[in-house]
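Me: I have a new structure to look at and would like to learn how to read it. Could you take me through it step by step?

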Amino acid sequence: MTTGKRLPACPTELEQGIFIAAYGSPLQRRRRALAVVLLGVKHTLRGLLFSWPAYVLGMAAFYSGRVHALAYLLLLIPALAVSLAILARGVRDDYRNQVNGVLLGAGFVRGLLFPAAP
Amino acid sequence: MFQIRPEERPYAWLPDAAHPETNRYGKPIELIGADDPLAGKSLRINGNHGVGDNPNRYKQHGFYFNADNCIACHACEAACSEKNDLPAHIAFRSVGYLEGGSYPSSTRMNISMACNHCDNPVCLKGCPTRAYTKFAEYGAALQDPDICFGCGYCTWVCPYNAPQLDMKAGHVSKCNMCVDRLEVGLKPACASACLAGALDFGVIETMPDNREMLDAQIPGFPTPEITHPNIRFQQAKSLPREMRRTDSMPLRYERDDATKTYRPKVAEDGRPRAWNLKKLRSREDPLVVFTLVSQLVVGAFLLLFLGEKLGIAALAPAAHPVLHATLLIALLGFETIALVLSTLHLGRPHRFYRAFNNLRYSPVSREVAAIAVFYNLLGGYTLFTALSGAFAWLPAGWVQGIGQACGWGAVVAGPAALYFMSRIYRIPARPFWDHWQVLTSFYGNMLTLGALAVALPYGWMLWAQGGSSGTLLAPLAGFIALGLLLEGVGLVFHVRHLQKTGGEGAAAHYLQRTDFGYAWIARNVGMIAGLAGALTLAATGFDGMFAWSALAAVVVASALAGRALFYVLVIPTTMPGAFFWRNKGFEEHARTTGLANLPQVGVLPCTH
């Protein structure tokens, strides 16, 4: 069974059966779990590159008095919620496109972190 | 490869006609030579690695539209939608109408229009994600919806309304020239489906059989000089001197006897002046907030950083360290909110990082990059000045040096970001925006809102402490007056320019004077009152904070109204719409009455 293949690409019932067996194997499960972690790290780092100044608000809240801290946290919390929502959507999208329903080969990490242009 | 039907009719096949070497704009029709590395490569349509055997594969192709024959049956639209499996609210091709004369000698001219796969594809240059590619194969300008993140900028820059922003799917898609059909020698689905012999397709500058004209323009078609579109026309039947649109745009087309072309003019219909405050809300609301807040933050930061150097001693960080630090952190918070709003404005916010993909051509990419640099530098400056206590483990000189370096970087990046922001709106296909007034307005707001954002907290704090703030507030009032003056001068020249040039820009100004007339007047009165107030405060050094708060309310309300008008008024140089389809008036009606809830109406109930 070729890695990188999806179930609909298997023309015969025999191939589909082999695909399902391979997809549920412990190795493939471990690779999918690793893929989720890697995608999370990748999207978090990419997001941080642009959003880290927002977290200065958290630092400011830590270093300032109670009233100021509340104001900073009020500004920070929506930003944090939105950035987490964007992060989750990015991870989910990439998981759906690159991981879910695919047999992951040995070099899948490179493909996940540096995908070829569509 | 595309499956050819056994009963395919002769008219569906592409002709192999002789053509000139170059098109009317001087560009070679043969796009690449036989020995070019691009030659013989597969287009990999739907994963198929086959290479088509069309002998004219590397020649620029285009549509041919015979307006004399079009009966507006919409078969081309239907064929396109079926071929591309489009939802009801999206159409890559659409038929619009122009009417002229009066009963019984009234005339209607129908225009079927899709993407013209231009020689100068402004969509490709404008797209920040590089979702567009101009292919050597057939000269097709193709767009990849998987790369697109749904900012919709291509829909702004295209003069023909070809790219379609699907609010539901969160991305743009457009005519793909049916390249799969071309690969096997068939015309696109729309041209093959035309009942009346109006729509045809082939190598550009070749004339279909039994046709006599190869024009680049017909009435209602935007000037081809913007993009050099690959479409040619026949329109031989005589038309009245004046043609009117059937959609809700206040535009008509008048024949210029010298050039024999039709030019867009304002169709003044005596509509009354109104407020229409509710209609000031639009899909671009997040951009209203994003642009204004970014301008405020840049202006306020410049004052906080340069204030002491400009002689305003009270703005020195050491003069009021707590307030200075608090303001910097608050500015960071406001810019965060602005950036979040602009990101959520995208169809696919989680793909925001693709905005940097086209720094070479796209003003959107440059603006986003410059704003990101400013935001990061502002964050750095805030961190190393307002929260310098967190870096006690670093040598003091380092903390101050890094902070100053970030500050000076932000001083350059902020105004540069606003400049790139203004470049986004210099779009020939949107004449109302295409004027230097955008820049004066953005810089004007930077001065006005920035000075207010500094003046109010400082003024109220000093008032609470019982001190005098006149020496601080007077120069800030001067900045406010300067900003309002800059914006006002730009607006005066803008209106004069619109009245002089006519067309879609003047039509937008007509809407400004009528549908939004009272809102426009109120904004102008607010600006004048704000200018008078700011000049008075600057001259007298008056530090009454209730007067300052009133000035702020007037100036902010004017800025909000002005920016909302800027977005809702623009009339693009698009093709005329029909009675229902591609008619903004009908879309509004459908949303108000609930018709839009029926999917077959083809209008999405919500545009946000």
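Reply: Gladly! Two residues are in contact if their C-beta atoms, placed from the backbone, lie within 7 Å. This is a predicted model, where local features need pLDDT of at least 70 and side-chain atom pairs count only at pLDDT 80 or more, while totals for chains, interfaces and linings use all residues. Residues are numbered from 1 along each chain as its sequence is written, and chains are lettered from A in the order in which they are written.

Me: How many residues does each chain bring to the contact?

Reply: Chain A brings 20 residues and chain B brings 26 residues. Helices (H or I, at least four residues) and strands (E, at least two) are DSSP runs, numbered from the N terminus. On the side of chain B that touches chain A, α7 (321–344) and α8 (363–385) of chain B each supply at least two residues. The most come from α7(B), with nine residues.

Me: Which strands form the open sheet in chain B, and in what order?

Reply: Strands of a sheet pair through backbone hydrogen bonds, either parallel or antiparallel. Two strands pair if DSSP finds at least two bridges between them. Here five strands of chain B follow the order β3-β2-β10-β11-β12, with antiparallel pairing. β3 (107–113) and β12 (261–266) of chain B stand at the edges with a single partner strand each, so one side of each has no neighbour in the sheet.

Me: How many bridges join β2 to β10 of chain B?

Reply: Three bridges join β2 (residues 94–100) to β10 (residues 242–245) of chain B. Look for B:L98, which stands opposite B:R245 in β10(B).
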